[in-house]
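Here is a short briefing to read alongside the structure viewer. Have the strands and the aromatic rings on display as you go through it.

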Amino acid sequence: MGITMRAMRSAAVLVVLVCFTNWTMAATVQVVRLQGSVTAQVGSGPEQTLKAGDTLRQGTTITTGQSSNVVLRFDDGQVVALKSLSRFTIESYRYDAKDPSAGQMILSLLSGGMRAITGLVANSNRSAFALKTPVATIGIRGTDFLAALSQGLYNQVKVGSISVTTSKGAEVFGATQYAFTASPAVLPSSVAPSALPAGIFTELEAIALAGAAGGASVGAGMGLSPGAALGIGGLIVIGIGAGLSATSDNDEVTPTTHH
């Protein structure tokens, strides 16, 4: 009986330690500001109307309505802004302030477009981050860039570089370059600014990110100041590294509201 009780106590301690580790690694995303109609939904649950100050967890899908946008700040300092008529899912997000490289961030842009600045998770471990959509995979290396969908994927690189990968292979684009990916079945290619659809990035660039960074950790290691813009948009897959799978813990995904 004594051995059994000791084993039970050891097992209980192990469970507590595992739960504590998972709890400390789980991270949140705060709604910094929004305009118009923005909702959140966990899985197939009911949609909830968001307001500034609300906190989201992994498993949450955010949707912006007509003439609406939202700015999100992740615990590791990443900032994401969604333009109107966008749909975006936080599939998996874990962050440990003591070891950012042990974190994970898997995001999905289902429609519309977004701007973002990578935080400590992506900047300390590129293989820990992925932004997914159906057309291409983009790896970012401490990068400030924009992307949007208009009968394909358009990218603009402002700082750093990106690798854009489809089933046909990968291409790398650096600062001041523009790229276009027509579909998952073709190689991305460099394009001139004159080849961009009129106003393709206008709404993304107009969303104010000033004050959303919340600290010098945003853009750390990539020469960005808090409030700088990183843009992503369209039906694409954006990832850092390879072989990532979208895993999430359903017991950590309920949006909570600040009152």
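**Strand 14 and its neighbours**

In this predicted model, strands 13 and 14 make a hairpin with three residues between them, and Gln 151 in the turn has a positive phi of about 55 degrees. From there, let's follow strand 14 to its other partner and then turn to the aromatic rings.

**Strand pairing**
- Strand 13 (residues 144-149) runs antiparallel to strand 14, and the two pair over six bridges.
- Asp 144 has Val 159 of strand 14 as its bridge partner.
- Strand 14 also pairs with strand 17 (residues 178-181), again in the antiparallel sense, over four bridges.
- Here Leu 153 is bridged to Thr 181 in strand 17.

**Burial of strand 14**
- Strand 14 (residues 153-159) is largely enclosed by the rest of the structure, because five of its seven residues are buried.
- Tyr 154 counts as buried at 10% relative accessibility, because the cut-off is under 20%.

**Aromatic pairs**
- Searching the whole structure turns up two aromatic pairs.
- Phe 74 and Tyr 93 meet edge-to-face, with 5.1 Å centre to centre and 80 degrees between the planes.
- Phe 74 belongs to strand 6 (residues 69-74) and Tyr 93 to strand 8 (residues 87-94), so this pair ties together parts that are 19 residues apart in sequence.
- Both Phe 74 and Tyr 93 are buried.
- Tyr 154 and Phe 180 form a tilted pair, at 4.4 Å centre to centre and 35 degrees between the planes.
- Tyr 154 lies in strand 14 and Phe 180 in strand 17, so the pair ties together parts that are 26 residues apart in sequence.
- Phe 180 is buried as well, with a relative accessible area of 18%.

How values were computed. Residues numbered from 1 in each chain as written. Predicted model: local features only at pLDDT ≥ 70, side-chain atom pairs only at ≥ 80, totals over all residues. Heavy atoms only, no water. Buried < 20%, exposed > 50% of the residue type's maximum accessible area, 1.4 Å probe, protein only. Pairing = 2+ DSSP bridges. Phe/Tyr/Trp six-rings, centres within 6.5 Å; stacked < 30°, edge-to-face > 60°.
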